[in-house]
There are 4 protein chains.
Amino acid sequence: MPNEKGPDHSRRKERSRQAILAATRALVAEEPYEKVTVEAIAARAGVGKQTIYRRWPSKSAVVFAAFLALSEGADGPGEGADGPAVALPDTGDLGADLRLVLRATAEEFADPAFDRLIRALTTEIANDAVLAAEYQEKLAQPLEEAKKARLRSAQAAGQLAADADLDLFLDLLYAPLFQRWLHRAGPLTADYADALVDAALRAFAP
Amino acid sequence: MPNEKGPDHSRRKERSRQAILAATRALVAEEPYEKVTVEAIAARAGVGKQTIYRRWPSKSAVVFAAFLALSEGADGPGEGADGPAVALPDTGDLGADLRLVLRATAEEFADPAFDRLIRALTTEIANDAVLAAEYQEKLAQPLEEAKKARLRSAQAAGQLAADADLDLFLDLLYAPLFQRWLHRAGPLTADYADALVDAALRAFAP
Amino acid sequence: MPNEKGPDHSRRKERSRQAILAATRALVAEEPYEKVTVEAIAARAGVGKQTIYRRWPSKSAVVFAAFLALSEGADGPGEGADGPAVALPDTGDLGADLRLVLRATAEEFADPAFDRLIRALTTEIANDAVLAAEYQEKLAQPLEEAKKARLRSAQAAGQLAADADLDLFLDLLYAPLFQRWLHRAGPLTADYADALVDAALRAFAP
Amino acid sequence: MPNEKGPDHSRRKERSRQAILAATRALVAEEPYEKVTVEAIAARAGVGKQTIYRRWPSKSAVVFAAFLALSEGADGPGEGADGPAVALPDTGDLGADLRLVLRATAEEFADPAFDRLIRALTTEIANDAVLAAEYQEKLAQPLEEAKKARLRSAQAAGQLAADADLDLFLDLLYAPLFQRWLHRAGPLTADYADALVDAALRAFAP
DNA sequence: CCATAAGCGAGACGGTACGTCACGTCTTAGA
DNA sequence: TCTAAGACGTGACGTACCGTCTCGCTTATGG
């Protein structure tokens, strides 16, 4: 019982939906963001503007959906809602694992295409409380939860204080990287990543 | 010898400049940012659009200048370029001083007018590398320097590790607050501020 | 042998056809013409747009058909193609009969609903040569023929010149009324109708 | 005291105004009317759409203005408001003069460019009472007056009944030609023009 | 007396043009 | 000389309909 009313145009719907999101990602990744107009997206997707406006209320929402779809993997309809089960490496050495992950994050931000995409997303989220809430719920929290799972494992292994505030730990770890990237306040080096990991671990040592 | 060339139209210039910046601040503080147009600024300032474009290349630059002027105090022409000598309290108790400052910062962000202003600024900076550099030079670095002065005093008093990376310390302290505010990821409470101070101090204990 | 292929769905066909034409007439009569869209007609008729496009190539054609059906009376399919036998009154006094008819025509134009309908029809005909031809054949010529029958009777009675050009006579009679109405050049009074009759009769007196 | 408020941008204004009207005339004359869009006019005139909408409320009004400007000759600003003094030929032979004029009118309608232009104008006027009134005042009445001047001269010469209703005479003369053209009811031949003149003269013989 | 296939309502689709808004430039009158 | 005022060319906005298409349901026989 997938549809509740009206005929099921899901095939066409799905095709155009994917075309729109792919076009959005492509444009955001390769053009300066002010050139990413709804008209350009429609043209690139081979779609009428109305087809975009029928589904999303604003360019922000499209950009957000484009990013969301990316994170959800294949994201076909009827897919599992519990997500693609992100998980951090767990070699038993928390410091090493975190260094690996944080270095990878730093490198990701260095990719110009990804930089443009995430910068666009950040801009839209910063100026739209509704999108911000959806971002927290659909993207940030699941990811945080995966990270906290790794931290709990470290707590059990006695590598973190038993009463450590894991949310705070993650903030200490990631926020400085994010801010440095957003404000272009300095290079996102492996050294910086390592220093962050070390400091966070010191702050919450057992 | 206040003006260097031509007749003395500097009074009118300065008056209109101030009117433009004040109008920009007022609009940014009270309207949703997409309604802050150059035309609205010009109308509010009682100024022709061209007078704005003659001085700044884009709306971003005006918004930035408006914020910059705010931080520079009265910012009359010919004022001291070395700034208004920001300084953090120094009671001798680093933890107490930092808690005070960080709680104040958190409260500042809670003011809707300031929220809109700094959000606009952040948006413009995030998408314009030139503005970002100017922001670093004119606003961020002086402020960081003032904060680091206080930290060096703490180092001398043996309240921080002698080899502590002060930039990193400040990142740990401020970035989580900034990120939480920008993404509306949680409330900016005094408790959160205190927890940040405690964690940072633990990470760089002597 | 009413239908040539497939099962006979003529009842549904006929019902929807009538619904479309009725909806078109209703809309044209009560709305400004630019609001008469194919979508509005379909909605009002409780019909899909495709059902309209399956039968007529354009809105013009629908409007024309709606008017045509009106003139053909009940216009069920298979009806007599020779029409409903329009006939002008023939009291023996040509002047009196024409005054009666022309005054009635003038009054018809004064009805706002009829005004809108005929104005829409005129607009479509004026800009579409195919419709114009169909209009001449299906509506104008039969009516002209009925009028000419009355005129021939008058000729036989010696009330019109034996060699009078009856088409021209009718043009003199009706075209000024039509033009005055179309251009809103003046009121369509009984006096004006009478003056037209008198002038035409003088021009073709025996 | 030409302008009442604000600076006088009349040079640019006038240049763009002329460009718009010329482009409109060109497009209407050479394209099917549904392709004459405001965007096409703007593009052809090398003008922004807004410049059109700033001056006229709708396409109808632009088309009308384009036609009006044509009739007013050079129509520079500040020109004589009493018009270009249209006058009919007056050889003393009313019948001959009218035949000449009516034949010329018939030929004019046969020119495809003029046909399209006047058909567009007629369509717009037929569906807009405001334009219709302006048409009567600015175009129809001055022309009628010129024609009536010639008829009064004929009355004085005893070629028309002294008490003839000259408006009615003109309606008899021109309306049949107009209607035949508008409805494409028949060819606009010289013979038809002559027949109209003869009939009208018979109707209003002295 | 169903089985079936044509026709139907609904409405999404790729488009075009609409009329509006703000951009950044240009022009003018006047202080 | 520089300003305020504001018109200009440009281009994106979000909306309305166009005419086409695809769905699943209705319906009236013909097997």
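How do the residues of the surface near DNA strand F divide into nonpolar, polar and charged? Keep that one in mind for Exercise 1. This is a predicted model, and the exercises below work through its two DNA strands and two of its chain pairs.

**Exercise 1. Describe the protein surface around DNA strand F.**

Solution.

Step 1: start with who is there. DNA strand F has 41 residues around it, and those that come nearest are Tyr53(A), Arg54(B), Gln50(C), Tyr53(C) and Arg55(D).

Step 2: sort the surface by class, which settles the opening question. The surface near DNA strand F has seven nonpolar, 14 polar and 20 charged residues.

Step 3: turn to the DNA side. Take the atoms of DNA strand F within 4 Å of the protein: 69% of them are sugar or phosphate atoms, and the rest are in bases.

Step 4: pick out some individual contacts. The side chain of Thr51(D) puts an N or O atom 2.7 Å from a phosphate oxygen of DNA strand F. Val38(C) uses its backbone instead, with a polar atom 3.2 Å from a phosphate oxygen of the strand. Lys49(C) goes for a base: a polar atom of its side chain is 2.7 Å from a base oxygen of DNA strand F.

**Exercise 2. Do the same for DNA strand E, and say which part of each residue makes the contact.**

Solution.

Step 1: count the surroundings. There are 39 residues around DNA strand E, with Arg54(A), Arg55(A), Gln50(B), Arg54(C) and Tyr53(D) the closest.

Step 2: split them by class. Here we get seven nonpolar, 16 polar and 16 charged residues.

Step 3: check which DNA atoms are involved. Sugar or phosphate accounts for 66% of the atoms of DNA strand E within 4 Å of the protein, and bases supply the rest.

Step 4: look at the two arginines of chain A. An N or O atom in the side chain of Arg55(A) sits 2.2 Å from a phosphate oxygen of DNA strand E. For the side chain of Arg54(A), the distance from such an atom to a phosphate oxygen is 2.4 Å.

Step 5: add a backbone case. Glu39(D) has a backbone N or O atom 3.0 Å from a phosphate oxygen of DNA strand E.

**Exercise 3. Take apart the interface of chain D and chain C.**

Solution.

Step 1: get the extent. Chain D brings 31 residues to the contact and chain C brings 30. Together they bury about 2,800 Å², and 61% of that is on carbon and sulfur atoms.

Step 2: look for specific pairs. Salt bridges between chain D and chain C come to zero, while twelve residue pairs are in polar contact, both residues at pLDDT 80 or more.

Step 3: find the elements behind the chain D side. Two or more residues each come from α6 (112-126), α7 (129-156), α8 (166-182) and α9 (190-203) of chain D. The largest share is that of α8(D), with ten residues.

Step 4: classify that side. It holds 19 nonpolar, six polar and six charged residues.

**Exercise 4. What relates chain D to chain C?**

Solution.

Step 1: recall the general idea. Two copies of a chain are related by a rotation about an axis and a shift along it.

Step 2: read off the values. A turn of 179° and a shift of 0.0 Å along the axis lay chain D on chain C with an RMSD of 0.2 Å.

Step 3: name the relation. Those values are the relation of a two-fold axis.

Step 4: locate the axis. In chain D, Ala203(D) has the C-alpha nearest to the axis, 2.1 Å away.

Step 5: compare the contact residues. Both copies use the same surface, with 97% of the contact residues of chain D recurring in chain C.

**Exercise 5. Repeat the analysis for chain B and chain A.**

Solution.

Step 1: size up the contact. It pairs 31 residues of chain B with 30 residues of chain A, and the buried area is about 2,800 Å², 61% of it from carbon and sulfur atoms.

Step 2: count the pairs. The interface of chain B and chain A has zero salt bridges and twelve residue pairs in polar contact, both residues at pLDDT 80 or more.

Step 3: go to the elements. On the chain B side, α6 (112-126), α7 (129-156), α8 (166-182) and α9 (190-203) each supply at least two residues; α8(B) has the largest share, ten residues.

Step 4: finish with the geometry. Chain B superposes on chain A by a rotation of 180° with 0.0 Å of shift along its axis, at an RMSD of 0.1 Å. The C-alpha of Ala203(B) is the one in chain B nearest the axis, 2.0 Å from it.

Key
Residues are numbered from 1 along each chain as its sequence is written. Chains are lettered from A and ligands numbered from 1 in the order in which they are written. This is a predicted model: local features need pLDDT of at least 70, side-chain atom pairs count only at pLDDT 80 or more; totals for chains, interfaces and linings use all residues. Side-chain values use heavy atoms; hydrogens and water are left out. A residue is near a molecule or strand if one of its heavy atoms lies within 4 Å of it. A polar contact is a pair of N or O atoms within 3.5 Å; within protein, one must be able to donate a hydrogen and the other to accept it, and residues adjacent in sequence count only if both atoms are side-chain atoms. Ala, Val, Leu, Ile, Met, Phe, Trp, Tyr, Cys and Pro count as nonpolar, Asp, Glu, Lys and Arg as charged, and the others, Gly among them, as polar. Contact means heavy atoms within 4.5 Å. Buried area is the accessible area (1.4 Å probe) that two parts lose on being put together, summed over both. A salt bridge is a side-chain nitrogen of Lys or Arg within 4 Å of a carboxyl oxygen of Asp or Glu. Helices (H or I, at least four residues) and strands (E, at least two) are DSSP runs, numbered from the N terminus. Copies are superposed by least squares on the C-alpha atoms of residues with pLDDT of at least 70 in both.
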